[in-house]
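Reader: I should like a close look at the interior of this protein, beginning with any empty space that the chain may enclose. Please describe its surroundings, and then the other parts of the structure that deserve attention alongside it.

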Amino acid sequence: MNRTTLSLIAGATALAAVTGFAALSAPDPTAADDGVEAAAAHLPVERTSLLCPTPSTSDLAETTYTSFTPITKGAESEGRAALRSATEERSAAEDAKDGDGDQAADGEETAEDSEKDADGEKAEKPVLEPKEPGKPVVADVSGGEEPALVGTAEGRFAPGWTVQQTTEVAAGTGRGLQGVSCTAPDTEFWFPGASTATERTDYVHLTNPDDSAAVVDIEVYGKDGALETEAGEGITVQPHSAEPVLLSTLTDEEQTNVTVHVVVRSGRIGAAVQALDDTLGGDWLAASANPAGSVVLPGIPEDATAVRLVAFTPGEVDADLKVQLASPSGLITPAGNETVHVKGGMTTAVDLGDVTRGEAGSLVLTPTDRSVPVVAAVRVLRGKGDNQESAFVPAARPVGLRATAVGNTAKGSTLAVTAPEGAAKIKVTASAGSEGGTPTSETYTIKAGTTQHIEAPVPDGVEGTYALTIEPESDDTPVYASRTLSVTDDGLPAFTVQTLPDDRGLVAVPKAEEDLSVLQR
């Protein structure tokens with residue numbers, strides 16, 4: 001192996017471990033089918049960031065933040081993590097500039113530095129500050145003036161760091177349970193399932209964690225194509241700030257189902273849609289997985305009374321999709337909704353009714369002929385009459401090496417796990433509780449083409465909330481999962497669903513002894 005290849009490996013390894021976003025691997029020419037170890041190893045990330053949107057403008061809102069880092073083999077022995085108001089979060093560049101000799105000689109921030117803001121004044125206490133991996137930490141806030149939060153985890157707290165934001169709103173527009181997993185900053189997001197209808201109040205929340213302003217475009221696509229949205233072009237999100245954009249102010253057209261495309265011209269942001277309905281409650285609509293020919297929407301509750309599929313394909317090519325439900329007994333095709341035709345550049349909505357028919361399931365969309373990339377989400381209703389509540393399930397990324405769900409309680413937490421392409425075995429671990437308890441693990445087998453509805457295992461002697469980690473025991477069959485939190489209050493079946501993609505705790509890096517000269521071609 002030549003010096004250039006070694007340098008490439010070293011650089012990629014360092015970048016991957018620090019950011020958690022880079023991955024570099026190459027095929028092992030000596031690999032066989034006899035259990036020879038794969039070419040790429042996995043190392044714990046050393047630093048990661050999360051962004052939580054402004055939770056609510058309701059004075060009746062009660063919000064809980066829950067933080068958890070799984071115990072990860074090979075992680076550093078030191079580290080820290082903190083979740084702060086976006087306006088209080090200080091950048092590393094400001095830290096270095098304002099240190100004036102107070103920093104350690106090696107450039108690391110001292111404890112005294114970490115307690116000051118960018119102007120050298122005493123910084124506000126973090127909203128949430130984990131103490132040790134393996135144990136959740138909880139923070140509660142009230143009212144409608146709580147800010148967006150920005151968090152950074154380093155060292156032993158970085159691998160798989162997960163934060164859940166859950167808000168209960170007692171009454172008014174969007175009343176019920178609203179939950180969202182805080183996400184890493186990115187540059188592009190798709191949100192099928194948003195709305196500009198009169199009965200809906202949908203906000204696109206944009207959060208900028210960085211030192212420089214971000215410039216963002218918001219595109220809106222309805223049933224006939226792109227909507228005029230001049231106000232959605234060139235939106236500036238100031239450094240360390242959040243910008244909620246009311247979707248109905250971007251266009252004069254009222255449409256029940258639209259797809260929102262958020263594109264960052266410069267910088268990076270976190271984005272989520274808060275979808276509030278006058279009579280059907282509300283929830284967060286998280287971004288769909290990136291456009292793909294086949295998509296999986298895991299975890300439609302067994303008691304869903306109405307399910308609406310919203311799909312969109314970028315570009316001008318139409319997509320024809322086969323619609324299947326991965327039920328507990330296998331893949332079935334909904335009568336009357338065997339396929340869906342999605343016109344290029346237009347949003348398509350299909351009402352599937354009570355498609356689950358009393359059994360939890362996952363929607364699987366595959367091309368009938370040629371593969372055309374699509375994004376998708378479903379809106380799910382539970383309850384009847386005046387006691388109905390809505391939530392969303394977007395197309396999900398696979399669980400990967402490990403997924404983490406936090407904010408679980410002894411009652412009201414349910415996992416849905418599906419393996420559309422083949423049988424899979426998973427290990428589910430319940431952590432210690434935030435106020436006590438002993439971790440426990442269980443193993444489940446997911447039959448090919450089915451969805452297993454798992455009442456989440458509960459730690460022994462649990463007190464407070466706890467975390468769940470899902471780890472597939474083989475990587476040859478993709479597994480998709482979601483977690484549902486449910487609370488019934490005066491007959492209202494409030495609920496929220498979060499899909500569970502890989503928690504980004506481990507990153508693939510090449511082994512130094514392998515010849516990666518193929519990467520130089």
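Author: In the lining of the second largest cavity, strand E16 supplies the biggest contribution, 3 residues. The model under discussion is a predicted one. The volume of this second largest cavity is about 40 Å³. Around it stand Arg-200, Ala-275, Leu-276, Asp-277, Leu-280, Gly-281, Gly-282, Arg-379, Ser-390 and Phe-392. Two elements each give two or more residues to that wall: strand E16, which covers 270-277, and strand E26, which covers 387-394. Sorted by class, the wall of the second largest cavity holds 4 nonpolar, 3 polar and 3 charged residues.

A general remark may help here. A probe the size of a water molecule, rolled over the atoms, reveals where empty space remains. When the whole structure is searched, 2 cavities of 30 Å³ or more are found. The largest cavity has a volume of about 50 Å³, and its lining consists of Gly-193, Arg-200, Asn-257, Arg-308, Val-310, Ala-377, Val-378, Arg-379 and Phe-392. Strand E19 (306-312) and strand E25 (375-384) are the elements that give two or more residues to this lining. E25 has the largest share, with 3 residues. The classes in the lining of the largest cavity are 4 nonpolar, 2 polar and 3 charged. Arg-200, Arg-379 and Phe-392 appear in the linings of both cavities.

Val-378 leads from the largest cavity to the packing of the interior. This residue lines the largest cavity and is also listed, with Leu-297, Leu-309, Leu-363 and Leu-365, among those with the most contacts inside the largest nonpolar core, which has 29 residues. Strand E20 (residues 319-327) provides the largest share of this core, 4 residues. Apart from it lies another core, of 26 residues, whose members include Val-262, Ile-269, Ala-271 and Ala-275. Ala-275 belongs to the lining of the second largest cavity as well.

Within the largest core, Leu-363 merits separate description. Once residues up to four places away in sequence are set aside, Leu-363 touches Val-295, Val-296, Leu-297, Ile-300, Leu-309, Val-323, Gln-324, Leu-325, Leu-352 and Val-378.

Tyr-203 lies in strand E10, residues 200-208. Its relative accessible area is 25%, so Tyr-203 is partly exposed. Beyond its neighbours within four places in sequence, Tyr-203 is in contact with Pro-244, Val-245, Leu-246, Ala-272, Val-273 and Gln-274. The C-alpha atom of Tyr-203 is 9.8 Å from that of Thr-249, which is 46 residues apart from it along the chain.

The search of the whole structure also finds 1 disulfide. Cys-52 and Cys-182 are the partners, with an S to S distance of 2.0 Å. Because the torsion about their S-S bond is about 110°, the disulfide is right-handed. It links distant parts of the chain, for the two cysteines are 130 residues apart: Cys-52 sits in strand E2 (residues 47-52), and Cys-182 in the loop between strand E8 (176-181) and strand E9 (188-194). Both Cys-52 and Cys-182 are buried.

Two loops remain to be described. Asp-503 is placed in the loop between strand E36 (492-499) and strand E37 (506-510). The relative accessibility of Asp-503 is 8%, and therefore this residue counts as buried. Leaving out neighbours within four places in sequence, the contacts of Asp-503 are Pro-70, Gly-160, Thr-162, Arg-402, Ala-403 and Thr-404. Asp-503 and Trp-161 are 342 residues apart along the chain, yet their C-alpha atoms are separated by 7.3 Å.

Arg-504 is found in the loop between E36 and E37 too. Most residues other than glycine have a negative phi. Arg-504 is not a glycine, yet its phi is positive, about 60°. With a relative accessible area of 19%, under the 20% limit, Arg-504 is buried.

Arg-357 likewise has a positive phi, of about 50°, without being a glycine. Its place is the loop between strand E23 (347-353) and strand E24 (361-367). Arg-357 has a relative accessible area of 68% and so is exposed, whereas Arg-504 is buried.

Note on methods:
Residues are numbered from 1 along each chain as its sequence is written. This is a predicted model: local features need pLDDT of at least 70, side-chain atom pairs count only at pLDDT 80 or more; totals for chains, interfaces and linings use all residues. Side-chain values use heavy atoms; hydrogens and water are left out. A nonpolar core is a set of buried Ala, Val, Leu, Ile, Met, Phe, Trp, Tyr and Cys residues joined through side-chain atoms within 4.5 Å. Buried means under 20% relative accessible area, exposed over 50%, partly exposed in between (1.4 Å probe, protein chains only). Contact means heavy atoms within 4.5 Å. On a 1 Å grid over the protein atoms alone, a cavity is a set of points where a 1.4 Å probe fits but cannot get out, and a pocket is an open set with protein on both sides within 12 Å along at least five of seven lines; lining residues have an atom within 4 Å of a point. Grid points are joined across faces, edges and corners, and a volume is the space filled by probe spheres set on the points. Ala, Val, Leu, Ile, Met, Phe, Trp, Tyr, Cys and Pro count as nonpolar, Asp, Glu, Lys and Arg as charged, and the others, Gly among them, as polar. A disulfide is a pair of cysteine sulfur atoms within 2.5 Å.
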